[in-house]
2 protein chains.
Amino acid sequence: MRLALIAAGLLAAAPALADPLPSWNDTETKSRIIAFVESVTDPSADTFVPVKDRIATFDNDGNLWAEQPVYFQLIFAIDRVAELAKADPSIAQSEAMKAAAAQDYKAVLASGEDGLIEVLAAAHTGVDTETFIESAADWLATARHPQTGLLYKEMTYQPMVELLRYLRDEDFQTFIVSGGGIHFVRAYAEEAYGIPPQNVVGTQTVTTYETAEDGTPRIIKQPEIFFIDDKAGKPVGIDNHIGKRPILASGNSDGDFAMLEYTTAGEGPRLGILLHHTDAEREFAYDREGHVGVLNRGLDEAEARGWLVIDMARDWGRIYTGKPKDAE
Amino acid sequence: MRLALIAAGLLAAAPALADPLPSWNDTETKSRIIAFVESVTDPSADTFVPVKDRIATFDNDGNLWAEQPVYFQLIFAIDRVAELAKADPSIAQSEAMKAAAAQDYKAVLASGEDGLIEVLAAAHTGVDTETFIESAADWLATARHPQTGLLYKEMTYQPMVELLRYLRDEDFQTFIVSGGGIHFVRAYAEEAYGIPPQNVVGTQTVTTYETAEDGTPRIIKQPEIFFIDDKAGKPVGIDNHIGKRPILASGNSDGDFAMLEYTTAGEGPRLGILLHHTDAEREFAYDREGHVGVLNRGLDEAEARGWLVIDMARDWGRIYTGKPKDAE
């Protein structure tokens, strides 16, 4: 009887002993995250936050999955334009569209902002949202990253998948707040991160309600931009979609600065997290310069603002959910 | 021992016997709703729908609470302009604003669409969203309906509150998709309907991210309209915020037609519901004519489309969550 009681006690204690973040190294970063979560979930603490207010928002590109050499959505767009151009070569008139039709990624990038917008619009327009999501999911099921050989969706960060799951286990609601396209992210967020479509906030094109010839009404994507969910647009997108100031926000570039500023300016316990890409060996090392994920103001002000900076090389024991070829 | 077993059996069966919709009369309407919910939640049925796809969307004005003699949000706007005009009488320049400042509701209505927009814009502009929601909640805590004497928020429909709860008990996610202002509805939807801010879709003004003199960044409401969540805008709003075609949609006017059409056009079991205001004695009787809640196409096409029409007088045993004075 006595042994049974001890066993029961051990079993009851087991959940508290299990490591919720096994792919994180035992550094201060990990300790601070766990300490924050425990502080807001302990009913006896002054810092307790009711379940309904446990809102956590995450940037996507470069924060939940990789974003080098360019945003994966741009590669998807170029591949899609190439496919569309096979069926109708006349769409490839401009230099940018010709480059996309030839899947010459570097030439598309070299075509500048106007060229990029043209390619993105061509790839994201004139299709209903359900079909668009299917085509993005199809692409993600087979397209591989040129350097790692992984499926793009295998380049999600295992430590962040664990953090999302840990937060949900502690009754947080987790949201993606991405500068990327809302429908593109929805195509894989549930499978990759456990985040359903209604918890994805992103950049949106105009959409219209139209009834097709088959009599079925659908939502059609138009070429015009409706909302850009980046920089100051992120807090605006959060207010539109969530309607509450988060208590935790996580990002990796100055595009996330306003989201972290907005989040941590609220009353009570708040946590702002920046992911610093410091690992040239296992991932990519970049911050203050480049064409994606530029991080200047965040690095300059993180300490004074009390934001937590993840040093990828130091803090993460593993990077991707997939296993890169060179690690096999 | 035998009696104990019987008692245990009865207890286990009890949840199935409890009436989930006690304020609904035992008519075919109630039977059809329950039959639909049972058909999509029975794992052994062909019509089973997984939990993640159990999305139900509800119009608000005239569907979850009353909307006569005019939308309650318009009364709020007029009262708010009157309050603002006390502090700064110079805002009441036009006929519409003068009428609002004098709380002359009929004169505001008579001022036409331009006048209404001016009053609404003045009431909903230049304030941060958190403060706006507080002011709406304050108004809702004390403002009473001129005919029933009830708080406006007590004029929520008890049968619909039961339906929302029943659906959530059966693992549906319930959303409001309202032509009303998103922040106004959020001010009371959680208390009145158990629907949290992130599950409210509504009409939106432009908002901007701005840092006030006290150093706190906030979301500021601007006078321009950003999105009108009515008619064809409802399916668009659903796609933006939810990202899935609902399996159940409930409304009461032709402003909800597109939402029901979009919902019931999906594959598998779907339910479209229209609330017909037939009860002049306990509520208000109106449909094809008037300035709010006009229902023509819905009544004409409901039967052919298989939509369920609630006849308020016949189907509801009780109307409001609050108890009207004349019923005391």
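Analyst: Let's start with a cut-off: an angle of 65 to 115 degrees between two axes counts as roughly perpendicular. Keep that in mind as we look at this predicted model.

User: Thanks! At what angle do the axes of helix H3 and helix H6 of chain B cross?

Analyst: In chain B, helix H3 covers residues 72-87 and helix H6 covers residues 112-123. Their axes cross at roughly 65° and come within 8 Å. H3(B) and H6(B) are therefore roughly perpendicular to each other. The crossing itself is left-handed.

User: Which residues of H3(B) and H6(B) make the contact?

Analyst: On the H3(B) side you will find Leu74(B), Ala77(B), Ile78(B), Arg80(B), Val81(B) and Leu84(B). Facing them from H6(B) are Leu116(B), Val119(B), Leu120(B), Ala122(B) and Ala123(B). Try picking them out in the 3D view.

User: Now to chain A. Is strand S6(A) largely enclosed or open?

Analyst: Here the idea is to ask how much of each residue can be reached from outside: under 20% relative accessible area counts as buried. Strand S6 of chain A spans residues 271-278, and 7 of its 8 residues are buried, so the strand is largely enclosed by the rest of the structure.

User: Which strands does S6(A) pair with in the parallel sense?

Analyst: Strand S5(A), residues 248-251, is one of them, with 4 bridges to S6(A). To find your place there, look for Ser250(A), whose bridge partner in S6(A) is Ile273(A). Strand S8(A), residues 308-311, also pairs with S6(A) in the parallel sense over 4 bridges. In that pair, Leu275(A) of S6(A) stands opposite Ile310(A).

User: How does the chain cross from S5(A) to S6(A)?

Analyst: Follow the backbone: from S5(A) the chain passes through helix H12, residues 257-264, and then reaches S6(A). This β-α-β crossover is right-handed.

User: And which strand runs antiparallel to S6(A)?

Analyst: That is strand S7 of chain A, residues 285-286, joined to S6(A) by 2 bridges. Thr278(A) stands opposite Ala285(A) in this pair. A hairpin of 6 residues links S6(A) to S7(A).

User: Is Glu267(A) buried or exposed?

Analyst: Use the other end of the scale, where over 50% counts as exposed. Glu267(A) has a relative accessible area of 75%, so this residue is exposed. Glu267(A) sits in the loop between H12 and S6 of chain A. For a sense of distance, its C-alpha atom is separated by 52 Å from that of Ile91(A), and the two residues are 176 apart along the chain.

User: Where are the cis peptide bonds?

Analyst: Look at omega, the angle given for the peptide bond. In chain A, the bond from Gln68(A) to Pro69(A) is cis, with omega near 5°. In chain B, a cis bond joins Gln68(B) and Pro69(B), with omega about 5°. Pro69(A) belongs to the loop between strand S1 (55-58) and helix H3 (72-87) of chain A, and Pro69(B) to the loop between S1 and H3 of chain B.

User: Which residues other than glycine have a positive phi?

Analyst: Here are two to find. Asp171(A) has phi near 65°, and its place is the loop between helix H8 (158-169) and strand S2 (173-181) of chain A. With 42% relative accessibility, Asp171(A) counts as partly exposed. Lys231(B) has phi near 55°, in the loop between strand S4 (217-227) and helix H11 (233-241) of chain B.

Technical notes. Residues are numbered from 1 along each chain as its sequence is written. Chains are lettered from A and ligands numbered from 1 in the order in which they are written. This is a predicted model: local features need pLDDT of at least 70, side-chain atom pairs count only at pLDDT 80 or more; totals for chains, interfaces and linings use all residues. Side-chain values use heavy atoms; hydrogens and water are left out. Buried means under 20% relative accessible area, exposed over 50%, partly exposed in between (1.4 Å probe, protein chains only). Two strands pair if DSSP finds at least two bridges between them. A crossover is right-handed if, with the strands pointing away from the viewer, the path from the first strand over the helix to the second runs clockwise. Axes are lines fitted to C-alpha atoms, for helices over the stretch in contact, and angles run from 0 to 180 degrees between N-to-C directions. Angles under 35 degrees count as roughly parallel, over 145 as roughly antiparallel, 65 to 115 as roughly perpendicular and the rest as oblique. A crossing is left-handed if the near helix is turned anticlockwise from the far one by less than a right angle, and right-handed if clockwise. Contact means heavy atoms within 4.5 Å.
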